Amino acid sequence: MIAVARTDGTVYVVTLGDEYLTKFRARLLLQSGKSDGADEHTVFRVGMEMVNENEEEIDKDGLSSNEFSVESWKQQTSSLLKSPFEIECQFQAHGTEEPISALLFHDDTLFTASKISGQVKSWKIDHVDGKAVVMPSHHMDGVHRDEIVALKTLSHGDNNVDVNDHNLLLSASKDGSFAIWDMNGDLVYRCEMMSEDGNLPVNINCADVDTSCASEHIIYLGLSDGYVVGYSVSELLGNASDGNTCTVPKCRFLAHDPLSQNKGLPHDCKDKGKSSLMGVTAISCGGAGTSSQATLSSILVTGGADGSVKQWEMLQNKSSRSSNGDAKGESGDSWKLVHWPRLPTQRTKARAHMFQGHYGPVTAIKCDTEDNTSKFLSAGLDGSIRVWNPKSGNEMYRMDGFDDLTSICLDKEILVTNGMNEYVCIHDFDTDDDLSNSYDMDW
């Protein structure tokens, strides 16, 4: 299943099928029921639902509304469709004029975030009599004042808790604040980012969580001033009782020069006001690194407003400093994160550093964490999705023709993207080479 969030504040949970093209259309729904008064009588109400366009055509061809069911539709279309796309449930998550800026599935819980109010909501999804049912769970507000750019689950790394059991939620906002919540919707920690000199607030453009370490999760934030900042989750929570002041980060380094943003940005993007993107505009954690066993490391990939994509190896180095409250490594010593390469001319071990191709801001990056040596993907405002070889730095292939491309989701070999107006695009990297022979395509 996938969840699709819309600009009208609605969410649709859809079961994937194998149709080449599926259209869902809104139609009126006549519902009958008993009145609430003492004198019971039948009343009719008019509602609306989204239905598969093929389903609607069958209904027009002779089935009356009280005879129609999804099962009968499946039976009559079985000769044409092996497995249709189906809407499991649909609901109004936020106001009709509140676009949803972030969406996250975790087990049986769905998290949504408003682009305008900065409010985060959680929803429980259950199945009753074979149908998906959505129930509101928690509202998390009063923390962010602007668009939420990321929602991620993580663990606090307590010795009594399995680090793979994600029991916390991270939310990051363009107003420069990030927060950690428990799964009951209670605020655990909040902090606001400042510029390198500490005098000015700075925007958070993107965020991700590195969960590759067996004992510690790391939060990485991409900032509008071009810096990447990394925090130890256990250290943040350890200082939560100290007034939620921002602790000293585990790393802070300049990844993308904000003075070189928007080179080659298409004019239509400038007209939409997207030329304001600066600094680090996309970030993704890529799993375990390639360093020796003596030094823990992980892969981090960043994208900038200048169109460049960079791959970093984040090394966990022991530090002699221990009086500033740094979190302790497995050996009991304090530690910090060091990025590599340090210079543009250097490269990581058996990996490339620079990936050039986009001619506008990079809007999203997704790494294949199960096999982080095979590929990773980047999307940009230039309307392209590019698949890169992490070792050589070469572009393996490219998909063009997207518009306002801001969201990509990679699950094994399935890629889900926006950027096609009202359509959601499903791409299958595991498709057989001769599958195209089964389609009659007119170009």
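C409 stands opposite V416 in β28, and this pair offers a convenient point of entry into the predicted model shown above. The two residues belong to a pairing in which β27 and strand β28 (residues 414-420) run in the antiparallel sense and are joined over 4 bridges. That pairing is in turn part of an open sheet of 3 strands, ordered β27-β28-β29 and antiparallel in its pairing. The edges of this sheet are occupied by β27 (408-411) and β29 (423-428); each has a single partner strand, so one side of each is left without a neighbour in the sheet. From one strand to the next, the twist averages 20°.

A second open sheet may be read in the same manner. It comprises 4 strands in the order β14-β15-β16-β17, again with antiparallel pairing. Here β14 (204-210) and β17 (251-254) take the edge positions, and because each has a single partner strand, one side of each lacks a neighbour in the sheet. Neighbouring strands of this sheet are turned against each other by 15° on average, with direction ignored. Within the sheet, strand β15 (residues 218-223) is joined to strand β16 (residues 227-232) by 5 bridges, and the two run antiparallel. Across this pairing, I219 stands opposite Y231 in β16.

Attention may now pass to strand β18 (residues 280-288). Of its 9 residues, 8 are buried, so the strand is largely enclosed by the rest of the structure. Strand β18 pairs with strand β19 (residues 297-304) in the antiparallel sense, over 6 bridges. In this pairing, I283 is the residue that stands opposite T302 in β19.

Two individual positions illustrate how residues separated along the chain are placed in space. Q311 lies in strand β20 (residues 309-319). Its relative accessible area is 1%, and since buried means under 20%, Q311 counts as buried. W340 is 29 residues away from Q311 along the chain, and the C-alpha atoms of the two are separated by 8.9 Å. N394, by contrast in its setting, is found in the loop between β25 (385-388) and β26 (395-399). With a relative accessible area of 48%, N394 is partly exposed, because this class lies between the limits of 20% and 50%. N394 and A352 are 42 residues apart in sequence, and their C-alpha atoms are 8.8 Å apart in space.

The cysteines deserve a separate remark. How many disulfides does the structure hold? The number is 0. Among the cysteines, C89 has a relative accessibility of 8% and therefore counts as buried. C213, at 14% relative accessibility, also counts as buried. C409, with which this account began, is the cysteine that stands opposite V416 in β28.

Finally, the surface carries a nonpolar patch formed by V128, V133 and M135. Together these residues present about 240 Å² of accessible area. One of them, M135, is found in strand β9 (residues 131-140).

How values were computed: Residues are numbered from 1 along each chain as its sequence is written. This is a predicted model: local features need pLDDT of at least 70, side-chain atom pairs count only at pLDDT 80 or more; totals for chains, interfaces and linings use all residues. Side-chain values use heavy atoms; hydrogens and water are left out. Patches are made of residues with over 30% relative accessible area and no salt bridge: like charges are joined within 9 Å, nonpolar side chains (Val, Leu, Ile, Met, Phe, Trp, Tyr) within 5 Å. Accessible areas come from the Shrake-Rupley method with a 1.4 Å probe; for residues, only the protein chains shown count as cover. A salt bridge is a side-chain nitrogen of Lys or Arg within 4 Å of a carboxyl oxygen of Asp or Glu. Two strands pair if DSSP finds at least two bridges between them. Axes are lines fitted to C-alpha atoms, for helices over the stretch in contact, and angles run from 0 to 180 degrees between N-to-C directions. Buried means under 20% relative accessible area, exposed over 50%, partly exposed in between (1.4 Å probe, protein chains only). A disulfide is a pair of cysteine sulfur atoms within 2.5 Å.
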